[in-house]
Amino acid sequence: MQYPGPHRYPRRRFDLPAGAAYRVDVIDTWKMTVRPLEGARTGRVDVELPAEPYVAIRLRRDAG
């Protein structure tokens with residue numbers, strides 16, 4: 001989980017560990033919404049973020 005707080009980054013880059021796939025969610029902590037990104041991700045991932053502050057990025061190992 002990464003929480004950049006009030007910063008409004010257009011995207012965040014992650015280098016995910018080899019040998020596993022991950023699900024990515026963008027969480028709006030003010031509106032209390034979760035936007036899952038389509039599909040599982042591997043390797044280097046750029047997560048596009050909304051132009052709003054107080055969003056979090058959650059990466060979870062894909063179980064299936």
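Two strands count as paired here if DSSP finds at least two bridges between them, and that criterion underlies the pairings visited on this tour of a predicted model.

Begin with the whole chain displayed as a cartoon: the protein contains zero helices and five strands, so that reading along the sequence gives the pattern β-β-β-β-β.

Next, select strand E2, residues 22-28, together with E3, and follow the antiparallel pairing that joins them over four bridges. Within this pair, show the side chains of Val26 and Arg35, since Val26 stands opposite Arg35 in E3.

Now add strand E5 to the selection, which completes an open sheet of three strands in the order E3-E2-E5, with antiparallel pairing. The edges of this sheet are strand E3 (33-36) and strand E5 (55-61), each of which pairs on one side only. Looking across the sheet, you will find neighbouring strands turned against each other by 25 degrees on average, direction ignored. In general, the strands of a sheet pair through backbone hydrogen bonds, either parallel or antiparallel.

Return to the complete chain and display the C-alpha trace, which spans about 35 × 20 × 15 Å along its principal axes. The radius of gyration of the protein is 12 Å, which agrees with the value near 11 Å that a compact globule of 64 residues would have.

Switch on contacts between residues at least 6 apart in sequence, of which 69% join residues at least 24 apart. Finally, turn to a surface representation: the accessible surface comes to about 4400 Å², with 51% of it belonging to carbon and sulfur atoms, while 28% of the 64 residues count as buried.

Conventions. Residues numbered from 1 in each chain as written. Predicted model: local features only at pLDDT ≥ 70, side-chain atom pairs only at ≥ 80, totals over all residues. Heavy atoms only, no water. Helix = DSSP H or I, 4+ residues; strand = E, 2+ residues; numbered from the N terminus. Axes fitted to C-alpha atoms, helices over the stretch in contact; angles between N-to-C directions. Rg over C-alpha atoms; globule rule 2.2 N^0.38 Å. Buried < 20%, exposed > 50% of the residue type's maximum accessible area, 1.4 Å probe, protein only. Contact = heavy atoms within 4.5 Å. Areas by Shrake-Rupley, 256 points an atom, 1.4 Å probe, with all protein chains shown as cover.
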